[in-house]
Amino acid sequence: MASPAVSNLSLQVRCFSTSVARPFAKLVRPPVQIYGIEGRYATALYSAASKQNKLDQVEKELLRVAQLLKEPKLAASVMNPYVKRSIKVKSLNDMTAKEKFSPLTSNLINLLAENGRLTNTPGVISAFSTIMSVHRGEVPCTVTTASPLDDATLSELKTVLNSFLSKNQILKLEVKTDPSIMGGMIVRIGEKYVDMSAKTKIQKLSVLMREAF
């Protein structure tokens, strides 16, 4: 049985979703489910923004919020646990008015402030970004190599990786370098993970050698 605190949070998040959208409208389910407090807020925001066709606008506004909360003056005011909640709410209201944020983004920030969950804001923004990435059909892929790839090799790698995607999926590639893997590459695409590094091969060989002798 859910605790009173959790039940209350669920109610508040549902109220947020319906307060900025059509009353009694059904929740629009996101393309990926994210758990935890951040996931609840992000899901409610996705539902509300989807109904108003403002997903892209809200995503841009949240990225701006993330930037603003890193500014020392604002952070000192709204992230300080010793500052009164009413003062935080006023500071954030001034911020959203100055930036001319949509009611969707403004309501989210106000709700987080009123519930004393401003420290969860970065997590909510990250969760919403993840939902939007899946919404666009993006498939995250990280490739780690011991040294930087030349243009020809990188182009060939992209062709190979794209061949594993379905028609409506988009490759979101990030290439990293890590000399410690010694050679080869490590590929993580979606939920799949393939380690073809020289370091891992040497480790496996070492184990086999110990077993043989």
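Me: Before we get to helix 3, what does buried mean here?
Reply: Buried means under 20% relative accessible area, while exposed means over 50% and partly exposed covers what lies in between, with a 1.4 Å probe and protein chains only. This is a predicted model in which local features need pLDDT of at least 70 and side-chain atom pairs count only at pLDDT 80 or more, whereas totals for chains, interfaces and linings use all residues. Residues are numbered from 1 along each chain as its sequence is written, and side-chain values use heavy atoms, with hydrogens and water left out.

Me: OK, so which residues of helix 3 are buried?
Reply: They are Leu-55, Val-58, Glu-59, Glu-61, Leu-62, Val-65 and Leu-68, where helices (H or I, at least four residues) and strands (E, at least two) are DSSP runs numbered from the N terminus.

Me: And what covers them?
Reply: The cover includes helix 2 (36-51), helix 4 (72-78), helix 5 (85-99), helix 6 (103-114) and helix 7 (121-135).

Me: Why does the span of helix 3 agree with what it should be?
Reply: The expected span is 1.5 Å times one less than the number of residues, so the 14 residues of helix 3 (residues 55-68) should span 20 Å, and its end C-alpha atoms are indeed 20 Å apart.

Me: Switching to helix 2 and helix 6, at what angle do they pack?
Reply: The angle is about 155 degrees and the axes are 11 Å apart, the axes being lines fitted to C-alpha atoms over the stretch in contact, with angles running from 0 to 180 degrees between N-to-C directions. Helix 2 and helix 6 are therefore roughly antiparallel, a term for angles over 145 degrees.

Me: Which residues make that contact?
Reply: Helix 2 contributes Tyr-41, Leu-45, Ala-48 and Ala-49, and helix 6 contributes Leu-104, Leu-108, Leu-111 and Leu-112, with contact meaning heavy atoms within 4.5 Å.

Me: How many of them are nonpolar, polar or charged?
Reply: By class, the contact has 8 nonpolar residues, no polar ones and no charged ones; Ala, Val, Leu, Ile, Met, Phe, Trp, Tyr, Cys and Pro count as nonpolar, Asp, Glu, Lys and Arg as charged, and the others, Gly among them, as polar.

Me: Loops next: where is Asn-53, and what is its phi?
Reply: Asn-53 lies in the loop between helix 2 and helix 3, and although Asn-53 is not a glycine, its phi is positive, at about 55 degrees.

Me: Is Asn-53 buried or exposed?
Reply: Asn-53 counts as exposed, because its relative accessibility is 71%.

Me: And overall, how many helices and strands does the protein have?
Reply: The protein has 9 helices and 4 strands, and 36% of its 213 residues count as buried.

Methods: Parallel < 35°, antiparallel > 145°, perpendicular 65-115°, else oblique.
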